[in-house]
Amino acid sequence: MHRRSLLAATGGALVTAAGTAQAHAAPAGSPDPLGQRRGQDVVRFNVISDIQGDLSDFGRALDDMAAVNPRSAGLAVAGDITPRGYDFEYAQVTAELGRHSHPSRVAWAIGNHEFYVPKWRDPDTLSQATWPNGTTEDSLFRSFYRFAGRGRVYAETSFGGVPVLSLGTERYAHFHDPKLWDEVWIGDEQFAWLEDRLWYWSRRRRPVMVITHHPLPNTVSGTRNKLYASDYLQADRLLGVLGRHPDVFLFSGHTHWDLDLSDWVVRRVVPGTANLSGFTVVNTGAIQTGYRDNGTGGEVAVDGSFNQGLQVEVHRNAVVVKARDFARGTWLKEITVPLAR
């Protein structure tokens with residue numbers, strides 16, 4: 001099975017996707033601080049994904065973020081928090097988090113690896129032939145809810161006044177259709193909530209950060225690869241909701257594709273939304289193992305140590321996104337995205 005289903009420098013202009021118009025050039029000079037009229041400084045926070053049991057690299061990333069961004073307003077984790085979704089694996093993440101300096105606000109999104117307990121007869125015995133090995137779908141969600149401290153997969157968090165919306169699947173697809181595995185299903189209530197929150201913040205002229213594990217098709221690195229073309233069962237509906245808002249920033253993980261690739265950030269235009277400038281989509285990189293295209297429709301692991309994530313800076317008139325190599329303690333790329341408001 002594919003690894004998703006089994007345990008397993010300065011940038012230039014934004015890359016465009018799906019017929020997107022070219023993004024506007026960044027304004028000269030440093031952006032003005034967010035909420036300047038209220039005397040607030042720029043809001044900085046971090047985004048990572050795909051820890052998948054690599055607690056050593058997770059700890060190294062936390063230490064690097066604390067050194068570079070010591071007053072971070074928050075940490076967003078875009079899914080695959082654990083390797084399989086066992087309660088003891090969530091506890092290990094909590095313990096590792098507690099051993100390092102980190103922001104008090106953490107926004108968690110659920111990933112496909114949070115649903116892999118049913119592949120195992122016990123923590124030491126992989127047994128996919130006898131799936132689900134007595135595990136219920138509800139128990140997997142309850143484990144995530146206990147860890148994240150909430151009662152549903154979607155939530156809103158504030159990072160220094162910046163709204164952060166976490167999205168997630170409400171079903172593990174294989175429980176509902178034996179032909180499916182990790183595909184994302186979003187219910188009407190979550191869609192209505194997302195649409196409401198986006199319009200709420202749009203009316204207040206605030207950029208919105210959206211955190212989701214799976215990438216949308218034809219966006220960032222890897223999403224034109226057949227491996228990641230069908231992650232959402234309602235991709236068009238989600239694109240339609242997000243695509244109306246030019247100041248939405250969608251952060252997605254799952255692919256583990258290298259942030260050093262040219263399409264690590266794109267503007268995605270959604271036809272029919274009346275938003276001709278599109279919205280911004282950003283690849284989160286990964287804590288555990290990196291990948292690139294292998295040239296034949298698949299992927300190949302990046303050689304050497306791999307441990308990547310993002311630092312985001314929200315200013316009054318722009319958002320700056322920086323790609324970070326935590327293993328080497330170096331910056332990979334940086335881009336400034338002007339806000340439409």
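This passage describes a cavity and the surroundings of a buried arginine in a predicted model.

The largest cavity holds about 100 Å³ of space. Its lining is made up of 17 residues. Ile110, Gly168, Thr169, Val184 and His214 are the closest of these to the cavity centre. By residue class, the lining of this cavity comprises 7 nonpolar, 7 polar and 3 charged residues.

Attention now turns to Arg267. This residue belongs to strand S11, which spans residues 265–268. Arg267 is buried, yet no salt bridge is found for it. The nearest side chain of opposite charge is that of Asp247, at 5.8 Å. A salt bridge would need a side-chain nitrogen of Lys or Arg within 4 Å of a carboxyl oxygen of Asp or Glu. The side chain of Arg267 does have polar partners. One is the side chain of Thr280, joined to that of Arg267 by a polar contact of 2.6 Å. Another is the backbone of Gly278, whose oxygen lies 2.7 Å from a polar atom of the Arg267 side chain.

Asp247 itself sits in a loop. Helix H5 (235–242) and strand S10 (248–252) flank this loop. Asp247 has a relative accessibility of 11%, so it counts as buried; the cut-off for that class is under 20%. Asp247 also pairs in space with a residue distant in sequence, Val208: the two are 39 residues apart along the chain, but their C-alpha atoms are 6.5 Å apart.

Technical notes
Residues numbered from 1 in each chain as written. Predicted model: local features only at pLDDT ≥ 70, side-chain atom pairs only at ≥ 80, totals over all residues. Heavy atoms only, no water. 1 Å grid on protein atoms, 1.4 Å probe; cavity = no way out; pocket = protein on both sides within 12 Å on 5 of 7 lines; lining within 4 Å. Points joined across faces, edges and corners; volume = space filled by probe spheres on them. Nonpolar A, V, L, I, M, F, W, Y, C, P; charged D, E, K, R; others polar. Helix = DSSP H or I, 4+ residues; strand = E, 2+ residues; numbered from the N terminus. Buried < 20%, exposed > 50% of the residue type's maximum accessible area, 1.4 Å probe, protein only. Lys, Arg positive; Asp, Glu negative; His and termini not counted. Polar contact = N/O pair within 3.5 Å; in protein donor to acceptor, adjacent residues only side chain to side chain.
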